[in-house]
Amino acid sequence: MEKIKSNSDLKDIIVVLTMKFDIEQIYLNLSDPKLGSHKIVILVSNKYLKTLGELVPRITNAIRDYPDYRVSCYIAFQAKDKILNGNLFLFTSCVPERLIFKKEDSEFVLIPETFSLDKFSKKVYALRNKELQKVDEFKEGYFYYKEKEQYSMAAFMIHQAIELTYRYLGIVLSAKERIKHSIRGHHHYLKEISMMYDSVFDEDNVIDQHLLNVLEEIYRATRYEDNFDIDVETLFQLEGKMKQLSENAVYIYDSTIASFEEFVSSRDEKPEVIIEDARLVDDASCFHKNDKVTEQVEKLKCLLPEDVAIYLFGYRTQLFEMESVCEISNQGSYCLDILIVCHNDIRELVINAQAILNGSSDVTVLLLSHQVNQIQKKLDENNKFFHKILQHKPPFFDCLNISWSFHENNGIHSNKELVSAKSQWYGRKNNALGFFNGGRAIDSCEEVVVKVSLFNQAVEQACLGLLEFFYDYRPYQHKLSHLYSLCCSFWHFPNDIFSRSTVEENRLFKEFVNVVKDVRYEGLSYIDWDEAYRYEARCERFLEECSKIVRETFSES
């Protein structure tokens, strides 16, 4: 490896590329030398986000005099995000041992110190299971329609199973999912980039050429024509190709995983960020001893009228721990969930106070504001949310000295009320799935911002459904940023899906929650298709987790 790194051609390539283009890092990938050339993985500046498709041919042309090297280009922050979400190709291709260029004075870090191999491994398997589940669903559809002798539908299902398998192999072998319906195109692409791909279709074979033509016809005809038919013999031949491709996919995945596990076994675990579960505070006294928390509350009191009561109803901690022979450090940040009670309506003041506090401290706050009479009315209605906050938790600060009157059921709902809550949840769930499926149906030829806006609305409906179902609480703010933060106060999984633990994660979250506002008031939003599919995956996972905890609640009852 060191001998190849010192190769004069490679040095010339680095000079040519870095003089002409804004490049963050370059890695030399020798994982597939049988192709007769080495692969150079290039992470380019974020400024190429909108023009990457135009940039790649320019980079390829710039090194055309060096045929022994092929290039793969990625936007730097997108490559980082893919690694953090379980992409094996980029992780193994961009290990420090393969780094041959790093931009001077750049602050970009591909794999942060908080990276956890254990969590990454789980995401690798989760990604694999998710992609193969899609394939299996279409396979089941194929065998179902074949048994019913509905051969045109069976043909469409087998096309989709083959297409999704190829798309998954693209993710495994190049970290790029090719959103194309041409099986011939997928076949040529994999044949070009990897020797592990066992060419399922022989281009010199007349039968295989015919099957490729049939697959092209299947997708077009079943979608855009009323009458399409396929003979059974051809269908059985395609079934054989589907099985052959599936076997090859298993081999490729198993080989990749084996290499990864060998790598893991040779490395020590790095320090990691630990996000503790959000929880309702049983005793706020411990926070009186925390100088940062006390300081934040004092600032809050200065921004509000004197006649208020402040209840700390939840907190989250994000903790970084490191221990070595030289130093032991334990640093963390807090997010405090606070209810502010007042006789008058001070919601505008509270919203402004939250913005001021969150802009100047590593102790962030989520503020809710309710009037005394509103809360008492909810308590009389046996509201679970306010019973949990007020019945057992003394205020952090109190100038009101209110004696609350609690319902005899103490926020515990009857079976009849639970059935009603379940019905409301299914309404929200159906709304969320409607928005999500609408967004997923928008293809790459259509407007990307509409797709992401629908995912935004899907998550909003799911957040409302969870808060209503579990806590009988309907927020007065319907902004997704507020709803999502509230869900982070009660469940762990929203913190995992949008961790907001780094600058880049914060940017992604803000872009997602503000997409509707950006389009409504500014008329545009700078989101590309890679980001849209990333938001689609996160939205889908959020909806799945929401449904899961509701199901578990009813199975326990």
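**Note on the cores, helix contacts and selected residues**

1. Of the 61 residues that belong to the largest nonpolar core, Leu339, Trp491 and Phe542 touch the most other members. The helix that gives the most to this core is α17, with 14 residues. There is also a second, separate core, which has 57 residues and includes Ile158, Tyr189, Phe228 and Ile252. Please keep in mind throughout that this is a predicted model.

2. It is worth following Leu339 in the structure, one of the residues named above for touching the most other members of the largest nonpolar core. If residues up to four places away in sequence are not counted, Leu339 touches Ala309, Ile310, Tyr311 and Phe313, then Leu368, His370 and Ile375, and also Phe386, Ile389 and Leu390.

3. For the chain as a whole, the secondary structure comes to 22 helices and nine strands. The chain has 557 residues, and buried residues make up 47% of them. Among the contacts between residues at least 6 apart in sequence, 72% join residues that are at least 24 apart.

4. Helix α17, which covers residues 448-471, packs with helix α18, residues 480-490, at an angle of about 45°, and the axes of the two helices are 9 Å apart. An angle of this kind is neither under 35 degrees, which would count as roughly parallel, nor within 65 to 115, which would count as roughly perpendicular, and α17 and α18 are therefore oblique to each other. The crossing in which α17 passes α18 is left-handed.

5. Which residues of α17 and α18 meet? On the α17 side they are Asn456, Val459, Glu460, Cys463, Leu464, Leu467 and Tyr471, while on the α18 side they are Leu480, Leu483, Tyr484, Leu486, Cys487 and Phe490. Divided by character, the residues of this contact of α17 with α18 are 11 nonpolar, one polar and one charged.

6. Helix α18 also packs with helix α20, residues 503-513, at an angle of about 125° and with axes 9 Å apart. Since roughly antiparallel is reserved for angles over 145 degrees and roughly perpendicular for 65 to 115, α18 and α20 are therefore oblique to each other. Leu480, Ser481 and Tyr484 of α18 make this contact with Phe509, Phe512 and Val513 of α20. The residues of the contact of α18 with α20 divide into five nonpolar, one polar and no charged.

7. Arg428 lies in helix α16, and is it buried or exposed? At 16% relative accessibility, Arg428 counts as buried, because buried means under 20% relative accessible area. Leaving aside neighbours within four places in sequence, Arg428 is in contact with Gln461, Leu464, Gly465, Glu468 and Arg474. Leu464 has already appeared in this note, as one of the α17 residues that meet α18. Arg428 and Ala458 are 30 residues apart in sequence, and in space they are 9.1 Å apart from C-alpha to C-alpha.

8. Asp398 is found in strand β9, which consists of residues 397-398, and with a relative accessibility of 28% it counts as partly exposed. Not counting residues up to four places away in sequence, Asp398 touches Val308 and Ala309, and Ala309 is also among the residues that Leu339 touches. Although Asp398 and Ile310 are 88 residues apart in sequence, they are 6.2 Å apart in space, C-alpha to C-alpha.

9. Glu381 is found in the loop between α14 (372-380) and α15 (384-390). Its relative accessible area is 45%, and Glu381 is partly exposed. Along the chain Glu381 and Asn409 are 28 residues apart, and their C-alpha atoms are separated by 9.8 Å.

10. Finally, the backbone of two residues deserves a careful look. Phi of Glu149 is near 60°, a positive value in a residue other than glycine, and Glu149 has its place in the loop between α6 (117-147) and α7 (151-174). Phi of Asn401 is near 50°, again a positive value in a residue other than glycine, and Asn401 lies in the loop between β9 and α16 (415-441). Glu149 is exposed, with a relative accessible area of 58%, and Asn401 is exposed as well, with a relative accessible area of 65%.

How values were computed: Residues numbered from 1 in each chain as written. Predicted model: local features only at pLDDT ≥ 70, side-chain atom pairs only at ≥ 80, totals over all residues. Heavy atoms only, no water. Axes fitted to C-alpha atoms, helices over the stretch in contact; angles between N-to-C directions. Helix = DSSP H or I, 4+ residues; strand = E, 2+ residues; numbered from the N terminus. Left-handed = near helix turned anticlockwise from the far one by under 90°. Contact = heavy atoms within 4.5 Å. Nonpolar A, V, L, I, M, F, W, Y, C, P; charged D, E, K, R; others polar. Core = buried A, V, L, I, M, F, W, Y, C linked by side-chain atoms within 4.5 Å. Buried < 20%, exposed > 50% of the residue type's maximum accessible area, 1.4 Å probe, protein only.
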